[in-house]
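Visitor: I would like a close look at a single part of this structure, taken slowly and with its surroundings. Please show me the model before you begin.

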Amino acid sequence: MNPRLPIAVLAVALTGTLLAGCGSSGSAASAAAPAATTAGNDDAAGFPRTVQHAMGSTEIKSRPQRVVVLDSGELDDVTLLGITPVGAVSPHLKTAGGFPTYLKSEIKDTKDVGPMAEPNLELIASLKPDLILSSKVRHEKVYDKLSAIAPTVFAQTTGFPWKDNLALYAKALGKEDAAKQALADYQARAARLGAEIKAKNGGTVPTASVVRFVAGPTRLYQKASFSGTVLSDVGLRRPAAQDVDAAMLDVSPEQLDKADADLVFVTTADDPTRTQQNQVQATPVWQGLKAVKENKVFTVPDETWMSGIGVQAADQMLGDIARATGVEPPK
């Protein structure tokens, strides 16, 4: 651990560049989060403990009570585990601003310490956290400053390795059993939903495509992304361009035929007027998609399908998939 630094030093602004979107564009293997290990007392609480993570090792002397999270996946994870963070940042591509609406009831007393690109280090220090959670891909350049405020644990990246990240953060929080149970329950719900969809479709499952409109090229989300893992957990098939172990594929309007599938799920990461959404959806290529012709295009929330990156967001996705396929949402 680094020695504690004065708050004046902690106020230096973050100058690193963040990755937009959910997950890296690399392979699934490169996105794997490091395993968490513990050392220390074997008492009931399991503290003190040392957690191995993307930036090294961090000693956590007692079970954390005042937690700050610096990305949306971490926000989903800690609230899943029954913790209201004292500070958090809002999703960096959330059109309406503010915290995710699907977690609104769980974070009424949480302070916004954003923006994500330059978290307010002085405000974070004033909250007197006993644990800070984020990822190397987001905040590597201010890790030393954050760890001078409180024990800090970083996953490697966001998006695809969200299940490993949950296990890492649960280790830091002393909530391993709760995390394992929550993830197992989610997996069971996803499997039940997949079985119901298959039964409804005579033993086959439909293909599903994920299209995201951002301020730039349109993105198709592939298997090594958060949304991709949830679709895989349900057992939905993917069109060829998305059935690869990568996070996303940028396409031009002329290439939107790569999105063709039985079901097309659409999210918008920004004000639609700042994206190519209106132009793309007016093109003959888009209008020629099977899902468009058969009224099987579904607009879904960006804050869950893209930014959520946790069990609670995944459960919201299961509900959207159930409605799109005409089956009952899994309980």
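Guide: What follows is a description of one helix, then of the sheet that one of its packing partners leads to, and lastly of two single residues.

The model is a predicted one, and the part I have chosen is helix α2, which covers residues 72–80. Of its 9 residues, 8 are buried, so the helix is largely enclosed by the rest of the structure. The buried positions are Ser72, Gly73, Glu74, Leu75, Asp76, Asp77, Val78 and Thr79, a list in which Glu74, Asp76 and Asp77 stand alongside Leu75 and Val78. The elements against which these buried residues pack include three strands, namely β3 (67–69), β4 (87–88) and β6 (131–135), together with the helices α6 (162–173) and α13. Just after α2 the backbone reaches Gly82, which takes a positive phi of about 85°.

Helix α13 leads from here to a sheet, for α13 (residues 311–325) packs on that sheet by touching β11 and β12, and its direction makes about 135° with that of β11. The sheet is an open one of 5 strands, in the order β10-β9-β8-β11-β12, with mixed pairing. Its edges are formed by β10 (248–251) and β12 (297–299), each of which pairs on one side only, and the twist averages 25° from one strand to the next. Strand β11 (residues 263–268) runs parallel to β12 and is joined to it by 3 bridges; in this pair of strands, Val266 stands opposite Thr299 of β12.

Two single residues complete the account. Thr58 lies in strand β2 (residues 56–60) and counts as buried because its relative accessible area is 0%, the cut-off for that class being under 20%. The side chain of Thr58 makes polar contacts with two other side chains, that of His53 at 2.8 Å and that of Tyr143 at 3.4 Å. Glu140, by contrast, is partly exposed, with a relative accessibility of 42%, and is found in the loop between α4 (136–139) and α5 (143–149). Once its neighbours within four places in sequence are left aside, Glu140 is in contact with Met55, Ser135 and Phe154. Gln156 is 16 residues from Glu140 in sequence, and the C-alpha atoms of the two are 9.5 Å apart in space.

Terms used
Residues are numbered from 1 along each chain as its sequence is written. This is a predicted model: local features need pLDDT of at least 70, side-chain atom pairs count only at pLDDT 80 or more; totals for chains, interfaces and linings use all residues. Side-chain values use heavy atoms; hydrogens and water are left out. Helices (H or I, at least four residues) and strands (E, at least two) are DSSP runs, numbered from the N terminus. Buried means under 20% relative accessible area, exposed over 50%, partly exposed in between (1.4 Å probe, protein chains only). A polar contact is a pair of N or O atoms within 3.5 Å; within protein, one must be able to donate a hydrogen and the other to accept it, and residues adjacent in sequence count only if both atoms are side-chain atoms. Two strands pair if DSSP finds at least two bridges between them. Axes are lines fitted to C-alpha atoms, for helices over the stretch in contact, and angles run from 0 to 180 degrees between N-to-C directions. Contact means heavy atoms within 4.5 Å.
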